[in-house]
Amino acid sequence: MTNKIDIALWFDTNAKEAFDFYTTLFKDSYITQSNPVVTNAVLAGVSFSGINGGPMFKINPSISIMVTCETTEEVDTLWNALLENGSVLMPLDAYPWSKRYGWLSDKYGVTWQLYYGKLSDVNQQKLTPTLMFTQNQLGKCEEAIEYYRTIFPKFELQGILKYPNAEQQNLVQHAQFIANDFTFMATDGSANETFEFNEGVSFVILCNNQEEIDYYWNAFTKNGAESMCGWCKDAFGVSWQIIPENLNTLMANNPNAMAALMQMKKIIIKDLA
């Protein structure tokens, strides 16, 4: 049961505009489908969806996209393009972990960490979501990784690096793991961050049948929280969408499917068919 995982980004009304922009920046990028509500795209081989959800949620730096670049020139090019009408979170500079690194929020609010490194170190996944545990979740990064190990049928921990100084000795500086063949990074933040996980960035798990939906839904909501239309939060506040892989087909084939979906928390496939 190695279900595919996608990254979902919450926009106000400009998801298509944002992905039109992103597809110009990365090789192997293209839009696969777009309608007034959702735009689906592949960026550098990674599947994304953009939701025109209105102003209810805003993307924040609690989940950023780490971009691994194999030349410093690529870092600089992406930095200049993404920074236009955006803001700097960490200046583009040399750091102990990379001779060329910067962190920014672009004009759509999406946060990107640009990093000079090797694609072989991130399993050839150029765009890697990075979870930062802050506020009430501060110090829980390692616990969360163990939690995800119990949920995902296919899981590999690739490393955990703790902060070396005594003040932060129990905090994770950097971790990397693979869940269902999808690479994630994670870190503990600091006491100064004012943001935390929200629906601005979520992860979509595509399920083949009701049994798989039930499995992930029950696992995440056991100590998490249910929401509507297949959305839920896990025990650490990270948002997940547990949906059937053929949801678009189900919605297209049944004129009553949308009304039924809007009444659901966990998705019941037979009620959409």
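Phe133 and Phe197 are both buried, and they make a good way into this model, which is a predicted one. Their rings sit with centres 5.1 Å apart and planes at 85°, so this is an edge-to-face pair. From there we'll look at another aromatic pair, a lysine over a ring, helix H2 and a threonine in strand E9.

**Aromatic rings**

- The Phe133–Phe197 pair ties together distant parts of the chain, with the two positions 64 residues apart.
- Phe133 belongs to strand E9 (residues 127–133), while Phe197 is in the loop between strand E12 (182–188) and strand E13 (201–207).
- Phe182 and Phe184 make an edge-to-face pair too, at 5.2 Å centre to centre and with 75° between the planes.
- Like the pair above, Phe182 and Phe184 are both buried.
- Counting up the aromatic pairs in the model gives 32.

**A lysine over a ring**

- Lys107 puts its charged end over the ring of Phe21, 4.7 Å from the ring centre.

**Helix H2**

- Helix H2 covers residues 72–83, which is 12 residues.
- At 1.5 Å a residue you'd expect H2 to span 16 Å, and its end C-alpha atoms are indeed 16 Å apart, so the two agree.
- Which residues of H2 are buried? They are Val75, Leu78, Trp79 and Leu82.
- Looking down the axis of H2, the buried residues fall within an arc of 105°, so they line one face of the helix.
- Flip to the other side of H2 and you'll find Glu73, Thr77 and Asn80 exposed.
- What covers the buried residues of H2? The cover includes helix H1 (15–22) along with strands E5 (63–69), E6 (87–95), E7 (98–105) and E8 (111–116).
- Just past the end of H2, Asn85 has a positive phi of about 65°.

**Thr128 in strand E9**

- Thr128 sits in strand E9, the strand that also holds Phe133.
- Is Thr128 buried or exposed? Its relative accessibility is 0%, and the cut-off for buried is under 20%, so Thr128 counts as buried.
- The Thr128 side chain reaches the backbone oxygen of Gln125, at 3.2 Å.
- Setting aside neighbours within four places in sequence, Thr128 is in contact with Ser64, Ile65, Met66, Val122, Thr183, Phe184 and Met185.
- One of those contacts, Phe184, is a familiar face: Phe184 forms the edge-to-face pair with Phe182.

Terms used: Residues are numbered from 1 along each chain as its sequence is written. This is a predicted model: local features need pLDDT of at least 70, side-chain atom pairs count only at pLDDT 80 or more; totals for chains, interfaces and linings use all residues. Side-chain values use heavy atoms; hydrogens and water are left out. Helices (H or I, at least four residues) and strands (E, at least two) are DSSP runs, numbered from the N terminus. The expected span of a helix is 1.5 Å times one less than its number of residues. Buried means under 20% relative accessible area, exposed over 50%, partly exposed in between (1.4 Å probe, protein chains only). The arc is that of the directions from the helix axis to the C-beta atoms. Contact means heavy atoms within 4.5 Å. Rings of Phe, Tyr and Trp (its six-membered ring) pair if their centres lie within 6.5 Å; planes under 30 degrees apart count as stacked, over 60 as edge-to-face and the rest as tilted. A charge sits over a ring if NZ of Lys or CZ of Arg is within 6 Å of the ring centre and within 35 degrees of the ring normal. A polar contact is a pair of N or O atoms within 3.5 Å; within protein, one must be able to donate a hydrogen and the other to accept it, and residues adjacent in sequence count only if both atoms are side-chain atoms.
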